[in-house]
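Here are a few exercises to help you find your way around a new structure. Try each one yourself, then read the worked solution below it.

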Amino acid sequence: MRRENRMRSKAAVKVMTPKGSGHKSIAPLVSEMISRLGEDPEREGLVRTPERVDKAMKFLTSGYSVDVDKLVNGAIFEVQYEEMVIVKDIEFFSMCEHHMLPFYGKAHVGYLARNKVIGLSKIPRIVDVFARRLQIQERLTQQIAHCLLEMLDPLGVGVVLEAQHFCMMMRGVEKQHSGTVTSAMLGEFKQKETRNEFLALVKQKA
Ligand code: ZN
């Protein structure tokens, strides 16, 4: 029991450490930013903010340090199965690389298996690996799709992301309710029939 707990906490630490950061805190920079924004970084409510931001930002960019092979280790299975597998409505949270503001939404991921399947719980974790980086929605979509293509050698992969961007919602643009949809279709998902089947299943209400 104890050993298992220790292993778990070790893994958690690894995920929390951004690659190449050298554990260097960004807290002093945040403090400087607060004062340049005209606030007093020493006042009570703000005094520990730089530390909190440091922690939060390290978590929100923790995807850089995750080894995807290790993450899916042991969860790829050989089976006689050449059908479509879809995991839809996967909640994700990411950070736009242009403004470092959040964008969030739902990912729908499908693949057409070629006798290899992945444990379903791993798909949301793969989404998180690429979402917890500085991103643009288009690249995030592509990276999820290409990751599955490499891991599973499937007949095809389809990924659709629907997202809301705080940089659009909170700034002058005033398009609070506009969503952005991106898709990546690889292999047989480029074909109309497969793509339409995938999109119809994604739209279907549970
Ligand atoms: Zn932005």
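**Exercise 1.** Work out where N115 lies in this predicted model, and decide whether N115 is buried, partly exposed or exposed.

*Solution.* Start with the place: N115 sits in the loop between strand 3 (102-112) and strand 4 (116-118). Next, count neighbours: 14 other C-beta atoms lie within 10 Å of N115. Being buried takes 20 or more, and being exposed takes 12 or fewer. That leaves N115 partly exposed. One more thing to check is the backbone: phi of N115 is near 60 degrees, a positive value in a residue other than glycine.

**Exercise 2.** Do the same for D89: find which element holds D89, and say whether D89 is buried or exposed.

*Solution.* D89 belongs to strand 2 (residues 84-96). Inside 10 Å, D89 has 12 C-beta neighbours. The limit for exposed is 12 or fewer, so D89 counts as exposed. Have a look at phi too: for D89 the angle is near 55 degrees, a positive value in a residue that isn't glycine.

**Exercise 3.** Stay in strand 2 and pick V87. Which residues does V87 touch, leaving aside those up to four places away in sequence?

*Solution.* With those set aside, V87 touches V109, L120 and I123. Now try a distance: V87 and S121 are 34 residues apart along the chain, and their C-alpha atoms are separated by 9.1 Å. Finally, the neighbour count: V87 has 18 other C-beta atoms within 10 Å, so V87 is partly exposed.

**Exercise 4.** Find which residues of helix 5 are buried, and what covers them.

*Solution.* First, go along helix 5 (residues 122-131): 7 of its 10 residues are buried. They are I123, I126, V127, D128, V129, F130 and A131. Helix 5 is therefore largely enclosed by the rest of the structure. Then look around the buried residues: the cover includes helix 4 (68-72), strand 2, strand 3, strand 4, strand 5 (134-135) and helix 6 (137-152).

**Exercise 5.** Describe how helix 5 and helix 6 cross, and which residues make the contact.

*Solution.* Take the geometry to begin with: the two axes come within 9 Å and cross at roughly 135 degrees. Helix 5 and helix 6 are therefore oblique to each other. Their crossing is right-handed. Helix 5 brings I126, V127, F130 and A131 to the contact, and helix 6 brings L140, Q143, I144 and C147. Sorted by class, that contact of helix 5 with helix 6 has 7 nonpolar residues, 1 polar and no charged ones.

**Exercise 6.** Repeat this for helix 2 and helix 3. How many nonpolar, polar and charged residues does their contact have?

*Solution.* Helix 2 (residues 27-36) and helix 3 (residues 49-60) pack at an angle of about 125 degrees, with axes 8 Å apart. That makes helix 2 oblique to helix 3. Here, too, is a right-handed crossing. On the helix 2 side you'll find A27, P28, V30, S31 and I34, and on the helix 3 side T49, P50, E51, V53 and D54. The class count for this contact is 6 nonpolar, 2 polar and 2 charged residues.

**Exercise 7.** Find the average pLDDT of the protein chain, and see over which residues the pLDDT is below 50.

*Solution.* The chain averages a pLDDT of 89, and 86% of the residues score at least 70. The pLDDT is below 50 over residues 1-18. Beyond near neighbours in sequence, that stretch has 14 contacts in the model.

Definitions and conventions
Residues are numbered from 1 along each chain as its sequence is written. This is a predicted model: local features need pLDDT of at least 70, side-chain atom pairs count only at pLDDT 80 or more; totals for chains, interfaces and linings use all residues. Axes are lines fitted to C-alpha atoms, for helices over the stretch in contact, and angles run from 0 to 180 degrees between N-to-C directions. Helices (H or I, at least four residues) and strands (E, at least two) are DSSP runs, numbered from the N terminus. Angles under 35 degrees count as roughly parallel, over 145 as roughly antiparallel, 65 to 115 as roughly perpendicular and the rest as oblique. A crossing is left-handed if the near helix is turned anticlockwise from the far one by less than a right angle, and right-handed if clockwise. Two residues are in contact if their C-beta atoms, placed from the backbone, lie within 7 Å. Ala, Val, Leu, Ile, Met, Phe, Trp, Tyr, Cys and Pro count as nonpolar, Asp, Glu, Lys and Arg as charged, and the others, Gly among them, as polar. pLDDT is the predictor's confidence in each residue, from 0 to 100.
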